[in-house]
Amino acid sequence: MPSNVIVGLQWGDEGKGKITDLLSKNSDYVIRYQGGNNSGHSIHIKNRNFILHLIPSGVLYSYVKCIVGPGVVVDPKSFIQEIRDLESIGINTSKVFLAKRAHITMPYHRLLDLYKEEYLGNRSIGTTHRGIGPTYEDKIGRMGIRALDFLDLKDFSKKLKYNIDFKNKIITKIYKKKPIIFESIYEEYIEYAKILSDRIIDAVYEIHDAFRNEKKILFEGAQAMLLDINYGTYPYVTTSSTSTGGVCTGCGIPPNFLKNFIGITKAYCTRVGYGPFPTEIVDRVSAIIRKKGNEYGATTKRPRRCGWLDLIALQYSCMINGINYLIITKLDVLSELEVIKVCIEYECKGKILKKFPLNLDQNIIKGVYIDFPGWKIDISHIHEYKNLPDNCKKYIKFIEDYLSLEVLLISVGSERNQNIIKNKSSFFKIFS
Ligand code: GDP
Ligand code: IMO
Ligand code: MG
């Protein structure tokens, strides 16, 4: 059975957690394919708030198998903590598994992330300091430690020793910091290995078997398109292939296993961390959106930068990801505004750009906007599209026409049930 992919189309935090949870109900598997615990995927159910960093957002359904896939990088300390936190509130995590090929984030990766950011000064990326970049660097540098190595502690010890000797040269000679000690890390990590060993599986065969047995599989993206290592706003990106292409490389599956590419966008834009953001709002409207949308990082608690919806960037994201269904989240957040702006072109030194440029210097490239009148009423209780105010429908229609895509679902609140299924026939065809 061909499967579904959920991907963020902006700079992250589009509401992937909420939507993945919603769509997990009719899934057999939910699988993360990239990223690490730099993610923070929130799910609100009644007065409970879950923030998942590594565990796929299908975990709240006890029948869903959740796999942390081969392309993910895993900090075992954070992973175990997450499992314990869920278990402590009665969530069953017995179906949470970790791919043998997933690379392991070590304490030196977190340190190297921090030291490099300090070293870069005003050129820093504004990373989450979770060691994600250095873990992927070791993977590409062919010296990483994988979950598989937790199953052979002798080999693990050898690999760890070699890595620590190497890293200590960088830590002491380049960053002039204190060396790290093998013994304490080894002791800590063999404990993690013991705790996790039963969950470590050959995910590639598991996923292929699931396909053969016609299971419903949902792949959950982390971060988002504009943070993609290849096609994002480089160098202000994360270090994985966040786009739908990353599903194949991240899970060892061929492209023809995938059918529905579901892109998630907020009704506006946010970005956390540094890097260009052409539609960033610098006046008081930014504070209104941040407050109403609770725009603070789910992982780092940093205030998110807020901006208007950028259709040039969104069109580019839909193109790279082959999006066939769009989900718009946080439409309710715009309800208070008199005027809502949408960026339809960029202007650069007197020239109009209709394509997303490689060099997106925010000081030179400015958004060209059209204004929509606000609707000025609360929409967070609405469940039927026909009941939305006309100004709201005009806004949605404009986005659909610009992108030549139909909106599948609109989210109007953080709760699991605060949704408007716009295209019911497609929705139930995909998720029943
Ligand atoms: P993710 O990383 O893409 O999963 O998104 P985050 O969880 O980091 O951030 C999205 C935030 O918006 C979370 O606090 C969600 O609970 C919240 N959220 C999701 N959808 C909506 C919505 O439609 N309206 C409002 N007001 N909040 C939402
Ligand atoms: P979710 O899955 C928003 C950003 C960081 C930084 C850049 C690189 O919750 O949408 P990294 O630690 O990955 O090396 O940092 O990427 N970033 C995110 N921004 N949401 C995320 O994840 C992010 N994960 C990383 O802020 O700018
Ligand atoms: Mg997030």
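Which residues line the largest cavity? The lining consists of V59, Y61, S62, V64, C66, N92, T93, S94, K95 and V96. The model described here is predicted. Its protein chain is divided into domain 1 (3-99 + 200-261), domain 2 (103-196) and domain 3 (265-431). A magnesium ion, ligand 3, is coordinated by D13 and G40, and the largest pocket holds about 850 Å³ of space.

**Domains**

- Domain 1 is assigned two segments, 3-99 and 200-261, while domain 2 covers 103-196 and domain 3 covers 265-431.
- Between the C-alpha centres of domain 1 and domain 2 the distance is 23 Å.
- The contact between these two domains involves 26 residues of domain 1 and 22 residues of domain 2.

**Magnesium site**

- The donors to the magnesium ion (ligand 3) are OD of D13 and O of G40, at 2.1 to 2.2 Å.
- D13 sits in the loop between β1 (3-8) and α1 (16-24), and G40 in the loop between β2 (29-32) and β3 (41-45), so the two ligating residues tie together parts that are 27 residues apart in sequence.
- D13 has a relative accessibility of 22% and counts as partly exposed, because the buried class is reserved for values under 20%.
- G40, with a relative accessible area of 12%, is buried.
- D13 also has a positive phi, near 65°, and is a residue other than glycine.

**Largest pocket**

- The volume of the largest pocket is about 850 Å³.
- Its lining is made up of 41 residues, and those nearest the pocket centre are I125, T127, V237, T238 and T239.
- Two elements, α3 (107-120) and α4 (132-140), give two or more residues each to this lining.
- Helix α3 gives the most, with 5 residues.
- By class, the lining of the largest pocket comprises 15 nonpolar, 16 polar and 10 charged residues.

**Second largest pocket**

- The second largest pocket has about 570 Å³ of volume.
- It is lined by 28 residues, with S42, H44, G293, K330 and S414 closest to the centre.
- The elements giving two or more residues to this lining are α1, β3 and β4 (48-52).
- The largest share comes from β3, which supplies 4 residues.
- Residue classes in the lining of the second largest pocket are 5 nonpolar, 14 polar and 9 charged.
- Where does the second largest pocket lie relative to domain 1 and domain 3? Both domains give residues to its lining, so the pocket lies between them.

**Cavity**

- The structure holds 1 cavity of 30 Å³ or more.
- The volume of the largest cavity is about 50 Å³.
- Its lining divides into 5 nonpolar, 4 polar and 1 charged residues.
- Among the lining residues are V59, Y61, S62, V64 and C66 from one stretch of the sequence numbering, and N92, T93, S94, K95 and V96 from another.

**Backbone geometry in the loop between β10 and α8**

- Y234 and P235 are joined by a cis peptide bond, with omega about 5°.
- P235 belongs to the loop between β10 (217-220) and α8 (245-251).
- Q223 is likewise placed in the loop between β10 and α8.
- The phi of Q223 is positive, about 50°, although Q223 is not a glycine.
- Q223 is buried, at a relative accessible area of 8%.

**S286**

- S286 is part of helix α9, which spans residues 284-292.
- Is S286 buried or exposed? Its relative accessible area is 7%, so S286 is buried.
- Apart from neighbours within four places in sequence, S286 is in contact with I281 and C306.

Methods:
Residues are numbered from 1 along each chain as its sequence is written. Chains are lettered from A and ligands numbered from 1 in the order in which they are written. This is a predicted model: local features need pLDDT of at least 70, side-chain atom pairs count only at pLDDT 80 or more; totals for chains, interfaces and linings use all residues. Side-chain values use heavy atoms; hydrogens and water are left out. Donors are N, O and S atoms within 2.8 Å of the metal (3.2 Å for Na, K and Ca); water is not among the atoms, so sites may look incomplete. Buried means under 20% relative accessible area, exposed over 50%, partly exposed in between (1.4 Å probe, protein chains only). On a 1 Å grid over the protein atoms alone, a cavity is a set of points where a 1.4 Å probe fits but cannot get out, and a pocket is an open set with protein on both sides within 12 Å along at least five of seven lines; lining residues have an atom within 4 Å of a point. Grid points are joined across faces, edges and corners, and a volume is the space filled by probe spheres set on the points. Ala, Val, Leu, Ile, Met, Phe, Trp, Tyr, Cys and Pro count as nonpolar, Asp, Glu, Lys and Arg as charged, and the others, Gly among them, as polar. Domain bounds come from an automatic or database domain assignment. Contact means heavy atoms within 4.5 Å.
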